[in-house]
Amino acid sequence: NTFEKPLTPSEEQEYLKRYKNGDEEASSDFKKLRLVAHIVKHYNFDEKDIEEYLSIGTIGLIKAIKTFDCSKGNRLATYASKCIDNELLMALRSEKKKNK
């Protein structure tokens with residue numbers, strides 16, 4: 001599968017501004033980011049689990065978009081990657097607890 005090109009910093013700022021001003025459609029452009037797939041592939045999931053973890057990673061991305069503060073000088077991708085990782089790790093810990 002090929003992914004869309006990453007957003008440029010100016011596109012990222014524009015979509016964030018639109019989203020913060022109440023344009024819910026702007027968030028759908030962030031959901032197309034290949035960042036989630038990039039992070040998920042670093043974990044060793046079975047082929048059948050990848051779709052589930054892509055969904056979990058997307059939840060982390062949505063949380064990142066909602067809580068991102070661009071006034072702190074960070075890029076969304078940096079912040080979002082941590083949020084996505086956190087969601088995946090929480091899911092893995094939960095799964096591990098269930099299997100005990």
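**Figure 1. Gly-22 comes right after helix 1.** The phi angle of Gly-22 is positive, near 100°. The helix it follows is a DSSP run: helices are H or I runs of at least four residues, strands are E runs of at least two, and both are numbered from the N terminus. Please keep in mind that this is a predicted model, in which local features need pLDDT of at least 70 and side-chain atom pairs count only at pLDDT 80 or more, while totals for chains, interfaces and linings use all residues. Residues are numbered from 1 along each chain as its sequence is written, and side-chain values use heavy atoms, with hydrogens and water left out.

**Figure 2. Helix 1 has a buried face.** Helix 1 covers residues 9-20. Its 12 residues should span 16 Å at 1.5 Å a residue, and the end C-alpha atoms are 16 Å apart, which agrees; the expected span is 1.5 Å times one less than the number of residues. Which residues of helix 1 are buried? They are Glu-12, Tyr-15, Leu-16 and Tyr-19. Seen down the helix axis, these buried residues fall within an arc of 100°, so they line one face of helix 1. The arc is taken from the directions from the helix axis to the C-beta atoms. An α-helix has 3.6 residues a turn, so residues three or four places apart point the same way. On the other side of helix 1, Ser-10 and Lys-17 are exposed. Here, buried means under 20% relative accessible area, exposed means over 50%, and partly exposed lies in between (1.4 Å probe, protein chains only).

**Figure 3. Tyr-53 is a buried residue of helix 4.** Helix 4 runs over residues 50-67. With 18 residues at 1.5 Å each, helix 4 should span 26 Å, and its end C-alpha atoms are indeed 26 Å apart. Tyr-53 has 6% relative accessibility, so it counts as buried. Other buried residues of helix 4 include Ile-56, Gly-60 and Leu-61. Leaving aside neighbours within four places in sequence, Tyr-53 is in contact (heavy atoms within 4.5 Å) with Val-40, Phe-45, Leu-88, Ala-91 and Leu-92. Lys-41 is 12 residues from Tyr-53 in sequence, and their C-alpha atoms are 9.7 Å apart in space.

**Figure 4. Glu-87 sits in helix 5.** Is Glu-87 buried or exposed? Its relative accessibility is 11%, so Glu-87 counts as buried. Beyond its neighbours within four places in sequence, Glu-87 touches Ile-56, Ile-59, Gly-60 and Lys-63.

**Figure 5. Phe-68 and Tyr-79 form an aromatic pair.** A search of the whole structure finds one such pair. The Phe-68 and Tyr-79 rings are tilted, at 5.7 Å centre to centre with 50° between the planes. Rings of Phe, Tyr and Trp (its six-membered ring) pair if their centres lie within 6.5 Å; planes under 30 degrees apart count as stacked, over 60 as edge-to-face and the rest as tilted. The partners are 11 residues apart, with Phe-68 in the loop between helix 4 and helix 5 (76-99) and Tyr-79 in helix 5. Phe-68 is buried at 5% relative accessibility, whereas Tyr-79 is partly exposed at 30%.

**Figure 6. Two cysteines, Cys-70 and Cys-83, are shown in close-up.** Cys-70 is partly exposed, with 41% relative accessibility. Cys-83 is buried, with a relative accessible area of 15%. The structure holds zero disulfides, a disulfide being a pair of cysteine sulfur atoms within 2.5 Å.
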